[in-house]
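Biologist: Could you walk me through this protein, one question at a time?

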Amino acid sequence: MAVLLGTHALQPPKCFDSLKCSESSETSPVRSSTRLVDLFDDQLALVKSVRNTDWLELIRKLNGDGNVFRTSVSLPPPGAVKMRLFGEPRTNCAGLVWDRSQVDLSEAYIWPSGYVAKTEFNLTHKGELVNGRSSALVTIDRLVECNRRGLTTNAETGELQEVADGATMNFNEINWQSSPRLDKVVFAQASQGVQKGIPGQRCL
């Protein structure tokens, strides 16, 4: 379940003044939440679940000198349901969401659901992939299609296959060059999905 905590939540505390605005305001939390629901429905929300112990380092990068840095996110299926995020709720209890339409993915590395890229080990400091990880790359359009059709990577064959009825997809991975200047929102996780989510499964 995704609980929105407010836009620009990594900015100075005065940003939370928007939470006091009326619903008619363009910065209203209601309007922001509606926009985010649309992003999830249209597969435009890039989601990063953050380890509880990694927030200070991530905030340092986000509030840095404006330099880009590589980080990994996932693109949930339509409606942001029936897909697990990276990590577990107790160790990754919150994260960030970016608007994909505002992001440059021209130099991103993209893998479909179920593929274990392990970029922390297979991506050099120069941004080059090693150990055959480039062989499974897909385009963003292909990833959107895989999400729509419920396709995930078979761990034994490496081929894409449909997930079983009622099953939950594993996370996909998009490793991209993020910029501190991009807007983002914070979400919190729960162990149960909402609406179309599957009880007991960790979905947005």
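Here is our conversation about the structure.

Modeller: Happy to, and please keep in mind that this is a predicted model.

Biologist: Let's start with the open sheet of 3 strands: what is the order of its strands?

Modeller: The pairing in this sheet is antiparallel. Its edge strands are strand 3 (69-73) and strand 5 (109-111), each of which pairs on one side only. The twist from one strand to the next averages 20 degrees. Read across the sheet, the order is 3-8-5.

Biologist: Which residue in strand 8 stands opposite I110?

Modeller: Strand 5 pairs with strand 8 (residues 173-178) in the antiparallel sense, over 3 bridges. Opposite I110 we find, in strand 8, I174.

Biologist: Which residues touch the most other members of the largest nonpolar core?

Modeller: This core has 20 residues. Strand 2 (45-50), helix 2 (55-62), strand 3, strand 4, helix 4 (140-149) and strand 8 each supply at least two of them. The residues touching the most other members are L46, W98, L105, I174 and W176.

Biologist: How many residues are in the other core?

Modeller: This other core lies apart from the largest one. Among its members are L36, A45, V47 and V97. Its residue count is 10.

Biologist: Is N92 buried or exposed?

Modeller: N92 sits in the loop between strand 3 and strand 4 (94-99). Its side chain makes a polar contact with the side chain of T91, at 2.8 Å. Because its relative accessible area is 2%, and buried means under 20%, N92 is buried.

Methods:
Residues are numbered from 1 along each chain as its sequence is written. This is a predicted model: local features need pLDDT of at least 70, side-chain atom pairs count only at pLDDT 80 or more; totals for chains, interfaces and linings use all residues. Side-chain values use heavy atoms; hydrogens and water are left out. Two strands pair if DSSP finds at least two bridges between them. Helices (H or I, at least four residues) and strands (E, at least two) are DSSP runs, numbered from the N terminus. Axes are lines fitted to C-alpha atoms, for helices over the stretch in contact, and angles run from 0 to 180 degrees between N-to-C directions. Buried means under 20% relative accessible area, exposed over 50%, partly exposed in between (1.4 Å probe, protein chains only). A polar contact is a pair of N or O atoms within 3.5 Å; within protein, one must be able to donate a hydrogen and the other to accept it, and residues adjacent in sequence count only if both atoms are side-chain atoms. A nonpolar core is a set of buried Ala, Val, Leu, Ile, Met, Phe, Trp, Tyr and Cys residues joined through side-chain atoms within 4.5 Å.
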